[in-house]
Amino acid sequence: MSALAHVPTSSGQPAAPPGARRGRSRLLPYLLLLPGAAWLLVFFVLPLLQLAAASLYDPSGSISTGYAMTWAFGNYPDALQQYWPQLARSFGYSAIALVLALLMGYPLAYGIAQKAGRWKNLLLVAVVAPMFTSFLVRTLAWKTILSDNGWVVGLLRDVHLLGADGRLLATPFAVVLGLTYNFLPFLVLPLYASLERLDPRLLEAASDLYASPLRAFQKVTLPLSMPGVIAGTLLFFIPATGDYINAELLGTPNEYMIGNVIDSAFLVRLDYPQGAALSFLLMAAILAIVFVYLRKAGTEEVL
Amino acid sequence: MGHETPAGDLRLANLTKRFGVFTAVDDLSLTIPQGSFFALLGASGCGKTTTLRMIAGLEEPTSGQVLLGDRDIAGLRPYKRPVNTVFQSYALFPHLDIHENVAFGLRRRGIRKVTDQVERMLSLVQLEGYGRRKPAQLSGGQQQRVALARALINHPQVLLLDEPLGALDLKLRRQMQIELKRIQTEVGITFVHVTHDQEEAMTMADTVAVMNAGRIEQLGAPADLYEYPATAFVANFLGQSNLLAGEAAGHSGDDVLVTAHGARFSVPAGRARADHGSVFLGVRPEKLHLVAGPDQVPAGHQHLGGVVSDASYVGVSTQYLVRTPWGSELSAFAANSGVGGRLPVGTPVTAHWDPRHAFLLPRAAGEDDQTSPLLDEPPVGALS
Ligand SMILES: Nc1ncnc2c1ncn2[C@@H]1O[C@H](COP(=O)(O)OP(=O)(O)OP(=O)(O)O)[C@@H](O)[C@H]1O
Ligand SMILES: [Mg+2]
């Protein structure tokens with residue numbers, strides 16, 4: 001807040017020598033960054049440092065007896081050894097969900113951006129509208145839809161796609177479906193933005209230059225929409241990997257993801273060092289994957 | 001693809017395109033012989049691009065046919081047609097570098113070794129060394145040349161050029177015109193060239209078509225169009241014309257007689273597009289000569305009197321406006337050959353012409369005399 005107050009006073013002095021003025025205008029961009037930087041410092045960097053410290057506390061401590069800082073790096077291998085299945089499951093589920101979301105989201109975004117005509121805005125609202133209700137409520141709605149005595153399961157049992165006592169709820173299928181559904185808009189919106197900018201005359205030029213519709217898509221549409229694909233993929237994948245609501249409501253402990261473990265470490269088992277260590281492991285894994293992905297996808301020709 | 005198809009003329013038969021109630025191209029029929037250079041001229045919005053798009057397959061005709069040889073290609077998808085386009089908007093692929101833009105058509109036809117061809121094409125359009133740049137890193141004129149190279153490299157049967165040189169400076173434009181003409185003659189590609197530059201159309205094309213409101217007004221060799229235009233629109237669009245409003249007054253031998261503004265004139269019947277009713281008597285400004293009085297008019301020439309109302313010196317020639325007694329103006333170009341002095345504004349003069357250089361055009365009743373205003377630049381034909 002003091003940073004905010006600083007800006008007007010320093011630029012409000014009228015008669016500064018030219019040299020000082022130039023100095024100040026060079027400073028201006030940084031002054032404009034100050035509020036945001038201060039916010040990040042207080043609400044991101046400091047908690048992160050606190051979390052890093054917590055991950056190295058003596059694991060034998062507890063909330064009641066207090067934690068001692070013992071630089072217990074062993075917390076990391078211990079946590080990993082105990083919970084690697086959940087960590088792997090997080091990435092597995094969200095990767096499958098991502099593929100499904102791309103398969104559904106790309107045609108959807110393309111249709112809205114290039115083919116919808118005057119329905120464009122209405123369709124965009126339809127994509128965003130579900131977000132007006134709570135994430136939790138929507139996931140609970142899926143619980144009803146997929147429930148054992150719901151009509152979906154009934155129908156699938158009737159056509160023998162499911163066995164007589166087969167179920168959808170409390171299966172990996174339900175969790176992946178929930179992830180796909182809940183994060184789809186985060187993928188569709190950036191994709192839409194990049195496909196909307198696509199100049200249809202480029203497709204005409206491609207077609208004039210002997211490219212079949214499929215080739216034109218592969219060589220023109222897809223590469224030009226890559227920024228949207230990348231942004232959408234990240235916006236989808238990162239929250240989906242850390243999610244625990246879908247596994248909690250639509251799955252069983254057998255489908256638990258790393259988010260569920262961290263949730264219970266902090267709120268149920270009160271094992272702060274372990275929860276903190278797992279949080280850092282998740283963050284490091286996501287960062288590594290994003291880094292590799294950007295290196296690969298960032299190259300000029302993806303296909 | 002395209003190379004195996006039988007060679008042949010490009011024929012448009014009753015081609016029509018309507019956008020809603022608006023008719024952009026109206027019952028267009030013409031034949032463009034294989035290997036010829038065809039120029040399409042016309043005011044903005046008269047349907048030139050729409051015509052090209054129908055030939056390329058990017059626009060579906062409302063009715064009519066597009067034939068290449070004996071084959072009706074109107075049903076073929078654009079990528080199946082042996083036709084390439086230099087787009088008015090360039091439409092370069094922004095994510096590909098110049099090399100890949102130019103190679104695009106070759107690669108889509110499965111040709112693997114493209115580097116040599118691309119390099120040759122780039123040097124032809126004077127863009128050697130630009131291969132690794134992206135389109136956004138080029139100037140407008142450079143982008144236009146890439147668009148040209150990208151289409152030309154495919155050696156299609158028909159090349160459609162939609163104002164391909166519009167963004168170039170005069171010198172580069174002349175060079176590109178020569179290159180284009182050379183390639184066209186060497187490779188035998190049929191060129192359909194849309195341009196706003198009359199001189200470009202006249203110097204490059206075998207056949208020029210002047211289009212107006214979706215229809216072809218006149219089509220023919222450049223000199224024929226210039227010397228003997230078919231309509232007032234063509235007479236004014238291609239070069240300039242003095243058009244005197246008159247009435248046809250019968251025949252006398254091989255001549256058609258005309259009365260205009262109380263005077264009698266005649267035009268050879270072979271140069272009359274109309275021989276009764278309301279007509280325009282047309283004379284090109286460079287065919288109109290100015291002398292001091294009727295006694296200096298050469299035998300056989302026809303004349304009328306007036307006063308010099310404007311003179312503008314443009315180097316190789318001087319352009320005069322002569323105000324007639326009935327108030328309209330005629331324009332006349334006099335070569336600055338050193339013979340004869342300049343005529344100051346206000347000088348009474350007699351304008352005369354050889355009737356064999358005049359022409360008669362049909363005129364809608366009520367239309368008055370027409371003269372193009374003086375230009376800063378000498379018009380086509382005035383110098384050559
Ligand atoms: N998709 C379209 N929908 C409606 N009208 C169109 C469409 N495309 C072109 N037109 C109209 O058809 C007419 C001819 O357009 P066209 O692009 O062929 O003109 P042009 O002769 O190429 O003009 P310019 O010299 O300015 O490029 C114009 O009046 C234009 O407004
Ligand atoms: Mg056009």
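In the predicted model, a salt bridge joins the side chains of Arg53(B) and Glu204(A), with a nitrogen-to-oxygen distance of 2.7 Å. By the rule applied, the interface of chain A and chain B holds 1 salt bridge. The same rule-based survey of this interface yields 6 residue pairs in polar contact, with both partners at pLDDT 80 or more.

On the side of chain A that touches chain B, helix 8 (200-208) and helix 9 (213-242) each contribute at least two residues. Helix 8 of chain A accounts for the largest share of that side, namely 7 residues. Sorted by class, the side of chain A that touches chain B comprises 10 nonpolar, 2 polar and 6 charged residues.

Glu204(A), the chain A partner in the salt bridge with Arg53(B), is placed in helix 8 of chain A. When neighbours within four places in sequence are set aside, the contacts of Glu204(A) are Arg53(B), Leu58(B) and Phe87(B). Within chain A, Glu204(A) is separated from Ala216(A) by 12 residues in sequence and by 9.0 Å in space, taken from C-alpha to C-alpha.

The extent of the interface was then considered. The accessible area lost when the parts come together is often used to give the size of an interface. Between chain A and chain B, the buried area is about 2,000 Å², and carbon and sulfur atoms supply 63% of it. Within chain A, the residues that lose the most area to chain B are Asp208(A), Leu209(A) and Tyr210(A), which together make up 40% of what that side buries. In terms of residues, the contact draws 18 from chain A and 25 from chain B.

The surroundings of ligand 1 were examined next. Around ligand 1 there are 13 residues, of which Ser44(B), Gly45(B), Lys48(B), Thr49(B) and Thr50(B) come nearest. In the case of Ser44(B), a side-chain N or O atom is 2.5 Å from an oxygen atom of ligand 1. For Gly45(B), a backbone N or O atom is located 2.7 Å from an oxygen atom of the ligand. Lys48(B) places a polar side-chain atom 2.7 Å from an oxygen atom of ligand 1. Ligand 1 taken alone exposes 630 Å², of which 62% is buried by the protein.

With respect to secondary structure, strand 2 (22-32) and helix 1 (48-56) of chain B each provide at least two residues of the shell around ligand 1. Helix 1 of chain B gives the most to this shell, with 3 residues. The class composition of the shell around ligand 1 is 4 nonpolar, 7 polar and 2 charged residues.

Note on methods. Residues numbered from 1 in each chain as written. Chains lettered and ligands numbered in written order. Predicted model: local features only at pLDDT ≥ 70, side-chain atom pairs only at ≥ 80, totals over all residues. Heavy atoms only, no water. Near = heavy atom within 4 Å. Polar contact = N/O pair within 3.5 Å; in protein donor to acceptor, adjacent residues only side chain to side chain. Areas by Shrake-Rupley, 256 points an atom, 1.4 Å probe, with all protein chains shown as cover. Helix = DSSP H or I, 4+ residues; strand = E, 2+ residues; numbered from the N terminus. Nonpolar A, V, L, I, M, F, W, Y, C, P; charged D, E, K, R; others polar. Contact = heavy atoms within 4.5 Å. Buried area = accessible area lost by both parts, 1.4 Å probe. Salt bridge = Lys/Arg side-chain N within 4 Å of Asp/Glu carboxyl O.
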